[in-house]
Amino acid sequence: MEGAKMSLADVDQITLRTSRYWMEDGLVEIMMGALFLFLGGGTLVRMALPRELTWDLLASALTIVGALGLRWGFQKAKEKITFPRGGYVSLLEPTRKSRLSVRVTFAILALISGSLPFVRFNDLRVQLAETAVPFAALIFASTLAWPGFQLRLRRVVFEALLCLMFGAALYAAGLKGSKGVMTLMSMIGFCMICLGAVALSRFLKTPPQQPEE
Amino acid sequence: LNRIIHEPARLTIVALLSTVKEADFLYLSRETGLTKGNLSAHLSKLEEAGYVDIEKKFRGKIPLTLVRLTPQGRSEFQSYRKWMKGVLAPSRREAVHIPT
């Protein structure tokens, strides 16, 4: 804002600021990273264990409790760390379209990962297993790249690039199918936690706002 | 031309609120860079026009002022953006000067 003039580009920038503020503290990435690591790592551990109903039930229960726990932790962290420093913001409810796109993405990934052990046609099974890792890497990368470019957050664009690099590395290493996708998720999750922690430490260095009187 | 929204400080406030459900006074003060007195004055004008709802409450012993755009404020901002796009259509990046 300069003096008495303001351009449309300025208004567009201002409308992006709130979304940037939501990402500024790195907590979103820490939570998403923890979720990825939890799901990916947890599934890898589950795959290493013998196939028994008890383990299946325990894994399902842990997944639900873990996801809910992460959500609770995220809200508490926002209340304790972000809002007292930079102010309270409550985002608009996601639109039906954006909810649908997230659900479709997860459904596709779940379908690919979940169907691999049950595919009977060997050729199809091999093909799905072969392409699962690069396909998942592409989906993760585009999911991150979109808000990264939109909000001009270099850190998030870098995470999208990391997804592609990890996907290529795992593909080159010959890791396929569910195991490959879960390893990819764990690696992305770990990197997101690290980058989110760096952003959080930077955010904590900024001086807090004076509270209302 | 909507004079209430066209003023740069108020336009900033409305633009910030357009992407959120609600925000507090601290956040608006941080993002607009306005002093508390100035921000209060602009919020009062927006409230008088029916563009924002202001809710004052306490979180523990700390006062908390929550501000949200009303449906009228939201639609006025959308109309203003449309108007601005129309005005700037030939050269979108040019600034709009406020007529005095």
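Is strand S1 (residues 20–24) of chain B largely enclosed by the rest of the structure, or largely open, and why? That is the opening puzzle of this set, which works through a predicted model.

**Exercise 1. Decide how strand S1 of chain B is placed, and find its partners.**

Step 1: count the buried residues. Four of the five residues of S1(B) are buried, so the strand is largely enclosed by the rest of the structure.

Step 2: look across to chain A. Strand S2 (residues 89–91) of chain A is joined to S1(B) by three bridges, and the two run antiparallel. Within S1(B), B:Val20 stands opposite A:Leu91.

Step 3: look within chain B. Strand S3 (residues 62–69) of chain B is joined to S1(B) by two bridges, again in an antiparallel arrangement. Here B:Asp24 has B:Leu66 in S3(B) as its bridge partner.

**Exercise 2. Classify the cysteines A:Cys191 and A:Cys194.**

Step 1: start with the total. Over all chains, the structure holds zero disulfides.

Step 2: check the distance. The sulfur nearest to that of A:Cys191 belongs to A:Cys194, 6.2 Å away, while a disulfide would need the sulfur atoms within 2.5 Å.

Step 3: compare accessibility. A:Cys191 counts as buried because its relative accessibility is 17%, under the 20% limit. A:Cys194, at 35%, counts as partly exposed.

**Exercise 3. Characterise two of the aromatic pairs and say what they connect.**

Step 1: get the overall count. The structure holds six aromatic pairs over all chains.

Step 2: take A:Trp22 and A:Phe74. Their centres are 6.3 Å apart and their planes 75° apart, an edge-to-face pair. A:Trp22 lies in helix H1 (residues 8–24) of chain A and A:Phe74 in helix H3 (residues 53–86) of chain A, so the pair ties together parts that are 52 residues apart in sequence. A:Phe74 is buried, at 14% relative accessibility.

Step 3: take A:Phe36 and A:Phe140. This pair is tilted, with 5.1 Å from centre to centre and 55° between the planes. Because A:Phe36 lies in helix H2 (residues 27–48) of chain A and A:Phe140 in helix H5 (residues 122–150) of chain A, the pair ties together parts that are 104 residues apart in sequence. Both rings belong to buried residues: A:Phe36 has 8% relative accessibility and A:Phe140 has 6%.

Step 4: return to A:Trp22 and its surroundings. One aromatic cluster is formed by A:Trp22, A:Phe74, A:Phe83 and A:Tyr88. The charged end of A:Lys78 also sits over the A:Trp22 ring, 4.3 Å from the ring centre.

**Exercise 4. Identify the residues with the most contacts inside the largest nonpolar core, then follow one of them outward.**

Step 1: recall the background. Nonpolar side chains tend to be buried together in soluble globular proteins.

Step 2: list the leading residues. The largest nonpolar core has 70 residues, and those with the most contacts inside it are A:Phe140, A:Leu184, A:Ile188, B:Leu17 and B:Leu28.

Step 3: follow A:Leu184. Beyond its neighbours within four places in sequence, its contacts include A:Val133, A:Phe140, A:Cys163, A:Phe166 and A:Leu170.

**Exercise 5. Is B:Glu31 buried or exposed, and what does it touch?**

Step 1: locate the residue. B:Glu31 is found in helix H3 (residues 25–32) of chain B.

Step 2: classify it. With 12% relative accessibility, B:Glu31 counts as buried.

Step 3: list its contacts. Not counting residues up to four places away in sequence, B:Glu31 touches A:Arg17, A:Tyr21 and B:Leu16.

Methods
Residues are numbered from 1 along each chain as its sequence is written. Chains are lettered from A and ligands numbered from 1 in the order in which they are written. This is a predicted model: local features need pLDDT of at least 70, side-chain atom pairs count only at pLDDT 80 or more; totals for chains, interfaces and linings use all residues. Side-chain values use heavy atoms; hydrogens and water are left out. Buried means under 20% relative accessible area, exposed over 50%, partly exposed in between (1.4 Å probe, protein chains only). Rings of Phe, Tyr and Trp (its six-membered ring) pair if their centres lie within 6.5 Å; planes under 30 degrees apart count as stacked, over 60 as edge-to-face and the rest as tilted. A charge sits over a ring if NZ of Lys or CZ of Arg is within 6 Å of the ring centre and within 35 degrees of the ring normal. A nonpolar core is a set of buried Ala, Val, Leu, Ile, Met, Phe, Trp, Tyr and Cys residues joined through side-chain atoms within 4.5 Å. Contact means heavy atoms within 4.5 Å. Two strands pair if DSSP finds at least two bridges between them.
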